[in-house]
Amino acid sequence: MTIAGLDSGGGAGIHADVKTFAAMGVHGTTALTCVTAQNTYEVREAQCLQPPLVKAQILAVWDDMGIDAGKTGMLGTREIIEEVAATVSKLGFPLVVDPVMIAKSGAPLISEDAVDTLKRRLLPVAKVVTPNRHEAEKLTGIKITSVAEARRAAEVIHREFGTEVVVVKGGHLDAPEAVDVVYIGGTFHELATPRLDSRATHGTGCSYSAAIAAGLAKGLPPLEAIKTAKRFIYMAIRYGVARGKGHWPVNPMAWLEMPAERWRTLEELREALEAVERQAEVFAKAIPEVQTNIGYAIDPRYATTREDVAAVPGRIVNYMGRAKPSGPPAFGASDHIARKILAALAKDPQARSAMNIRLDAAYIEKAKSLGMTIAYVDRRREPEDVKKREGATMQWIIEEAYRQTGGKTPDLIVDWGDWGKEPIITVLGKTPREVVEKVLRLIR
Ligand SMILES: Cc1ncc(COP(=O)(O)O)c(N)n1
């Protein structure tokens with residue numbers, strides 16, 4: 001059960017919690033505390049329910065189906081906190097407290113006088129508490145700028161307020177990794193993920209604490225529930241919902257969707273490579289000195305880095321007159337193709353696949369006769385500052401091509417090369433199957 005507020009923007013609060021419960025495979029129930037008129041950049045209004053109504057929601061669920069675990073989010077008022085603390089301590093289910101105090105957009109979500117009630121009444125009945133850096137500072141008075149200070153704060157929260165497990169989250173610390181400090185049974189654990197430079201952070205704390213509660217509901221030991229929740233929230237931020245003018249919502253469904261999406265992407269690319277191997281002698285003719293690769297990006301709503309583009313590690317080589325992929329496709333396997341596809345996706349979300357082949361005048365003539373759209377890029381016109389920037393050339397080539405076509409995805413980009421840069425044709429398409437078919441039509 002989530003005991004939390006409603007965010008009309010659907011990014012945080014009970015929306016985030018119920019989505020998280022669903023994604024984690026547990027049945028979610030809710031006790032609403034407050035309604036906020038909110039979006040990704042501001043809280044316009046907030047109104048909280050009377051404490052007896054909050055209690056009644058908890059009991060209605062308890063009496064019927066029981067509550068395996070709970071979490072709290074926005075509690076709004078001192079009176080609601082007191083009611084929730086009393087009810088939870090009577091019922092005795094494991095509770096995760098996300099001590100939300102202010103929204104990402106800066107609005108207070110709890111009255112000033114309520115922080116003390118949260119410390120004295122709610123934290124003692126909580127099994128897990130998940131403060132971020134600012135909340136941990138507010139709870140302890142300790143200034144947190146390092147993992148060592150986060151540890152100290154975690155221990156102080158346990159000692160002073162009696163919460164069994166304390167997770168001081170590292171997302172707000174300035175470090176290359178987001179390190180969460182977990183204090184449990186007198187020992188510390190550090191859970192790290194790479195820091196994400198993401199705009200999709202609205203609802204992070206809500207989803208994280210809901211994921212821990214889901215793990216507890218399934219009977220996982222707290223540390224295991226927290227470890228899973230950490231991976232869960234990493235995915236939810238990484239593949240966030242690109243909506244709104246402010247902090248975009250996290251995407252709890254990523255946990256379910258991404259493994260399937262990535263698998264589908266690899267599978268489609270694998271099938272296209274099989275088509276290449278069936279015509280291995282024909283394709284061999286189109287392999288340039290730098291060899292060939294073909295890439296395919298995951299759903300463009302989620303594709304942001306080269307890790308989101310699958311390609312052939314070691315490329316497709318000409319082996320005794322036959323085109324041969326060096327191995328099965330993998331994510332992050334190509335720099336060049338990935339950069340080109342990501343740049344193309346920024347112009348056209350349909351342009352998810354690309355393949356590079358040898359530049360042959362005959363291919364260009366064939367493409368013209370087939371009525372394909374062709375863009376011609378002259379690398380000698382590449383600006384000096386682009387040349388200097390690591391990896392910027394691929395993006396420049398793509399942007400130059402789209403400039404010529406007026407935003408339409410070209411079937412072919414002809415890159416005339418430069419001193420020491422082999423001329424190359426890049427074939428673009430929606431899927432690797434389509435790209436492979438286009439290439440076949442050019443060379444056969
Ligand atoms: C109803 C409600 N609950 C919680 C949050 C905190 O989420 P965030 O810190 O991401 O804004 C919020 N903004 N609104």
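# Ligand contacts, sheet and annotated domains

Q: Of the 13 residues around the ligand, which come nearest?
A: This is a predicted model, in which local features need pLDDT of at least 70, side-chain atom pairs count only at pLDDT 80 or more, and totals for chains, interfaces and linings use all residues. Residues are numbered from 1 along each chain as its sequence is written, and side-chain values use heavy atoms, with hydrogens and water left out. A residue is near a molecule or strand if one of its heavy atoms lies within 4 Å of it. Of the 13 around the ligand, the nearest are Q38, K104, L109, H202 and G203.

Q: Which residue places a backbone N or O atom 2.7 Å from an oxygen atom of the ligand?
A: Polar contacts with the ligand are pairs of N or O atoms within 3.5 Å. Q38 has a polar side-chain atom 2.7 Å from a ligand nitrogen atom, and an N or O atom in the H202 side chain is 3.1 Å from a ligand oxygen atom. The backbone atom 2.7 Å from a ligand oxygen atom belongs to G203.

Q: Which strands stand at the edges of the sheet?
A: Strands are DSSP runs (E, at least two residues) and helices are runs of H or I with at least four, numbered from the N terminus; two strands pair if DSSP finds at least two bridges between them. Seven strands form an open sheet with mixed pairing, ordered β14-β11-β10-β15-β18-β17-β16. One side of each edge strand has no neighbour in the sheet because each has a single partner, and these strands are β14 (330–331) and β16 (374–377).

Q: Which residue in β11 does Y296 stand opposite?
A: Strands β10 (residues 294–297) and β11 (residues 309–311) run antiparallel and are joined by two bridges. In β11, the residue opposite Y296 is A310.

Q: What angle does helix α14 make with β16?
A: Contact means heavy atoms within 4.5 Å, and angles run from 0 to 180 degrees between N-to-C directions of axes fitted to C-alpha atoms, for helices over the stretch in contact. Helix α14 (residues 392–405) lies across β16, β17 (412–415) and β18 (424–429). Its angle to β16 is about 130°.

Q: How far apart are the end C-alpha atoms of residues 268–440?
A: UniProt, in an unreviewed entry, gives residues 268–440 as "domain: Thiamine-phosphate synthase ThiN"; such annotations may be inferred rather than shown by experiment. The span is 38% helix and 21% strand. Its end C-alpha atoms are separated by 17 Å.

Q: What is the mean pLDDT of the protein?
A: The model has ipTM 0.90 and pTM 0.86. On pLDDT, the predictor's per-residue confidence from 0 to 100, 100% of residues reach 70 or more, and the mean is 96.

Conventions:
A polar contact is a pair of N or O atoms within 3.5 Å; within protein, one must be able to donate a hydrogen and the other to accept it, and residues adjacent in sequence count only if both atoms are side-chain atoms.
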